[in-house]
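Work through the exercises below with the structure at hand. Each task is followed by its solution.

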Amino acid sequence: MSVLHYPFPDLPAEGQTLEVAPGVHWVRMALPFALDHINLWLLDDGDERVIVDCGYGSDSSRAGWTPILDARPQPVGRIIVTHHHPDHLGLATWLAARDGASLHMTLGEYLAGHAIWHQLPGYAVPDMVAQFRAHGLDTARADALAARGNAYRRGVPEMPSRYHRLRNDDTLSIGGRSWRVIIGYGHAPEHASLYCAELGLLISGDMLLPRISTNVSVYAATPHDDALGYFLDSIRELCNLPDDTLVLPSHGKPFKGIRSRVEQLVAHHRERCDALLAECSAAKAAGELLATLFPRELDTHQVMFAMGEAIAHLNHLEKRSALRREVGADGLTRFVKIN
């Protein structure tokens with residue numbers, strides 16, 4: 001398996017951009033999590049500019065955008081959001097209002113963002129915590145998640161009230177070039193990546209990251225979803241792009257080597273599934289298996305992702321008929337290996 005190639009060893013300085021292809025500029029901003037940064041993209045579009053992803057809704061992110069947008073006179077005409085997570089959608093409404101830009105995202109991401117922001121059934125914190133308790137999360141960590149409340153609103157201070165819908169295989173004209181929308185599943189309901197054949201460039205969002213594995217979780221609203229299966233199918237589809245495509249990920253450095261990275265991720269999730277199978281000779285709940293998947297100390301934010309991911313892997317193994325789901329007299333959901 002070949003190693004990935006990173007053409008840009010240096011990071012863009014705070015408040016500045018780094019051009020990675022003609023008319024494509026890399027912006028890097030801090031995040032208040034263990035995953036401490038996000039990559040955002042500013043594209044030249046004639047007399048205007050296009051922003052792809054917006055950053056977390058914080059004062060520091062607003063302060064980071066201001067010198068970048070003030071440095072040149074072209075207004076922002078369009079904002080494209082790959083998916084609804086706070087580090088991507090957070091400042092969309094604020095940025096759109098600055099120059100009167102239009103907002104573009106998929107229906108699934110727009111509605112998922114609103115469902116979490118407004119705490120609709122299946123997407124509300126009590127539903128999430130109840131799901132995790134039913135899958136064996138201990139009382140202390142479940143209570144900590146409940147006490148944290150709706151953290152989504154802290155990252156997305158204001159939800160947009162209108163948008164332009166993106167669909168799979170839509171073609172966007174940006175800077176006189178065609179960009180194809182590629183919808184991926186598993187990490188988010190309808191994640192939009194952007195591919196420009198002329199530039200040999202993929203803005204992958206969170207669907208393909210060079211150093212870490214994308215979080216794949218199951219919502220309380222869809223408790224039997226095979227999110228991991230959807231994700232693996234989606235990244236395998238990316239292998240149809242030329243292997244020398246420059247991938248612009250949301251976290252980590254731009255890289256080349258799509259096929260190698262997809263192979264690494266498929267192998268990684270296969271190993272995780274094998275590890276879970278080895279533990280499930282007797283029935284186990286997801287909460288009992290967190291240390292198998294994440295053998296380190298987890299903060300409350302990380303517990304949320306870890307539980308969602310553990311359930312996703314167990315659901316995937318159930319869909320493959322490798323595990324059987326059981327609900328005990330205590331109301332807990334457990335999974336046991338099928339011999």
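The exercises cover fold content, burial and cysteines.

This is a predicted model, in which local features need pLDDT of at least 70, side-chain atom pairs count only at pLDDT 80 or more, and totals for chains, interfaces and linings use all residues. Residues are numbered from 1 along each chain as its sequence is written, and side-chain values use heavy atoms, with hydrogens and water left out.

**Exercise 1.** State the secondary structure of the chain and judge its compactness.

Solution. Take DSSP runs, with helices as H or I of at least four residues and strands as E of at least two. The chain then has 11 helices and 15 strands. Next, compute the radius of gyration over C-alpha atoms and the globule rule, 2.2 Å times the number of residues to the power 0.38. The radius is 20 Å, close to the 20 Å from the rule for 339 residues, so the chain is as compact as a globular protein of that length.

**Exercise 2.** What percentage of the residues in the chain is buried?

Solution. Apply the cut-off for buried, under 20% relative accessible area (1.4 Å probe, protein chains only). Of the 339 residues, 53% are buried.

**Exercise 3.** Count the disulfides and examine Cys 273 and Cys 280.

Solution. A disulfide needs two cysteine sulfur atoms within 2.5 Å. The count is zero. For Cys 273, the nearest cysteine sulfur is that of Cys 280, 11 Å away, and Cys 273 is in no disulfide. Cys 280 is likewise in no disulfide. As for burial, Cys 273 is buried at 3% relative accessibility, and Cys 280 is buried at 0%.

Notes
Buried < 20%, exposed > 50% of the residue type's maximum accessible area, 1.4 Å probe, protein only.
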